[in-house]
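Trainee: I would like to go through this model one step at a time, with a reason behind each answer.
Mentor: Then ask, and the answers will follow.

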Amino acid sequence: MATVIIPTPLRKFTNQTAKVQIEAGTIAEVIDRITIDFPELKKHLLDQQGAIRSFVNIFTGDEDIRDLQKEKTPVNNSTVISIVPAIAGGSF
Amino acid sequence: MIVVESAPLAEMKTHALETFPDECCGFLYGTEQKDGSRMITKILEVNNSKAGDKKRRFEISGKDYMLAEKFALENDILLLGIYHSHPKHPAIPSEHDRVAALPYFSYVILSVNPGNIDHIRSWQLNEVSQFEEEIFSPKHLNQSI
């Protein structure tokens, strides 16, 4: 199963679990499964159209899936997937 | 309440002053009590990766964020938040700060002018995604939380 690393701010929605094992073939399937297993994650990962929120980045290993095949990026049992929130801001 | 030990507090201030007039940014690590009180024992400075105007914007790259989470797991320490500076502006979160903010994290903001840190304040998102101020305090000798 692929391993999903949950960022600290979202762990309260995964029972404080930092790493979740998911059986899936693509990133889209990973997102589907993890939001079924942990429904409160959904509003933090997906927008109202069901697409990955612009403030959420998904990495497989060290690569952003936007540079790969996006949600169609394949995963396997050795894939480590990181949910990476965009950290940004500014003074005004 | 968020209490910051003297060493990480000094490092944050130096980072903000040295980065002026650009915004600086970094991660906050430490411990948390059951009542939500936090003690910051370490910071990790990171590069402001914002392309463009760094004088009023900051951004942390995805790779730096992953390294920050990895550091926390490997060192059995909690990643508790983000700090950044507001050059020539108050230590109050902007709408840009709020829109990109995450639940759980503390957001420490340093208001900085040339050669001087004017204010340091800390904020957290509430249940309706609005910022609420946390009591921010430097750690005093013999103080515990």
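**Two chains and their contact**

Trainee: This is a predicted model. What is the mean pLDDT of chain A, and what share of its residues reach 70 or more?
Mentor: pLDDT is the predictor's own confidence in each residue. For chain A, 100% of the residues reach 70 or more, and the mean is 94.

Trainee: Which element of chain A has the lowest confidence, and which the highest?
Mentor: The low end is helix 2 of chain A, residues 42-45, with a mean of 91. At the high end, with a mean of 97, is helix 1 of chain A, residues 27-37.

Trainee: In what order do the elements of chain A run?
Mentor: Chain A holds 2 helices and 6 strands. Read from the N terminus, the order is β-β-α-α-β-β-β-β.

Trainee: Why does the radius of gyration of chain A agree with a compact globule?
Mentor: The C-alpha trace of chain A spans about 45 × 30 × 25 Å along its principal axes. Of its 92 residues, 33% are buried. A compact globule with 92 residues would have a radius of gyration near 12 Å, so chain A agrees with its value of 13 Å.

Trainee: Which strands stand at the edges of the sheet in chain A?
Mentor: The sheet is open, with 5 strands in the order 2-1-5-3-4 and mixed pairing. An edge strand has a single partner strand, so one side of it is left without a neighbour in the sheet. In chain A these are strand 2 (19-22) and strand 4 (63-64).

Trainee: Which residue is the bridge partner of Thr60(A) in strand 4 of chain A?
Mentor: Strand 3 and strand 4 of chain A pair in the antiparallel sense, over 2 bridges. The partner of Thr60(A) there is Glu63(A).

Trainee: At what angle does helix 1 of chain A run to strand 2 of chain A?
Mentor: Helix 1 of chain A lies across strand 1 (2-5), strand 2, strand 3 and strand 5 of chain A. Its angle to strand 2 of chain A is about 115°.

Trainee: In what order do the elements of chain B run?
Mentor: Chain B has 3 helices and 9 strands. From the N terminus on, they follow the order β-α-β-β-β-α-β-α-β-β-β-β.

Trainee: Why does chain B count as being as compact as a globular protein of its length?
Mentor: Of the 145 residues of chain B, 41% count as buried. Among contacts in chain B with a separation of 6 or more, 62% come from residues 24 or more positions apart. The globule rule gives 15 Å for 145 residues, so chain B is as compact as a globular protein of that length, with a radius of gyration close to it at 14 Å.

Trainee: What is the average twist from one strand to the next in the sheet of chain B?
Mentor: That open sheet has 8 strands in the order 8-7-6-5-2-3-1-9, with mixed pairing. Strand 8 (131-134) and strand 9 (136-138) of chain B are its edge strands, each pairing on one side only. The twist averages 35°.

Trainee: Which residue of strand 6 of chain B stands opposite Tyr83(B)?
Mentor: Strand 5 (residues 78-87) and strand 6 (residues 106-113) of chain B run parallel and are joined by 7 bridges. Opposite Tyr83(B) in strand 6 stands Val108(B).

Trainee: Which strands of chain B does helix 2 of chain B touch?
Mentor: Helix 2 of chain B, residues 62-75, packs on the sheet, and its direction makes about 140° with that of strand 5 of chain B. The strands it touches are strand 2, strand 3 and strand 5 of chain B.

Trainee: How many residues of each class are on the side of chain A that touches chain B?
Mentor: In the contact, 21 residues of chain A meet 27 residues of chain B. Strand 3 (56-60), strand 5 (80-85) and strand 6 (87-89) of chain A each give two or more residues to this side. By class it has 12 nonpolar, 6 polar and 3 charged residues.

Trainee: Which residue of chain B stands opposite Ile87(A)?
Mentor: Strand 6 of chain A pairs with strand 4 (residues 58-60) of chain B in the antiparallel sense, over 3 bridges. In that strand of chain B, the residue opposite Ile87(A) is Ile60(B).

Key:
Residues are numbered from 1 along each chain as its sequence is written. Chains are lettered from A and ligands numbered from 1 in the order in which they are written. This is a predicted model: local features need pLDDT of at least 70, side-chain atom pairs count only at pLDDT 80 or more; totals for chains, interfaces and linings use all residues. Two residues are in contact if their C-beta atoms, placed from the backbone, lie within 7 Å. Helices (H or I, at least four residues) and strands (E, at least two) are DSSP runs, numbered from the N terminus. Ala, Val, Leu, Ile, Met, Phe, Trp, Tyr, Cys and Pro count as nonpolar, Asp, Glu, Lys and Arg as charged, and the others, Gly among them, as polar. Two strands pair if DSSP finds at least two bridges between them. pLDDT is the predictor's confidence in each residue, from 0 to 100. Axes are lines fitted to C-alpha atoms, for helices over the stretch in contact, and angles run from 0 to 180 degrees between N-to-C directions. The radius of gyration is taken over C-alpha atoms; the globule rule is 2.2 Å times the number of residues to the power 0.38. A residue is buried if 20 or more other C-beta atoms lie within 10 Å of its own, exposed if 12 or fewer, and partly exposed in between; C-beta atoms are placed from the backbone.
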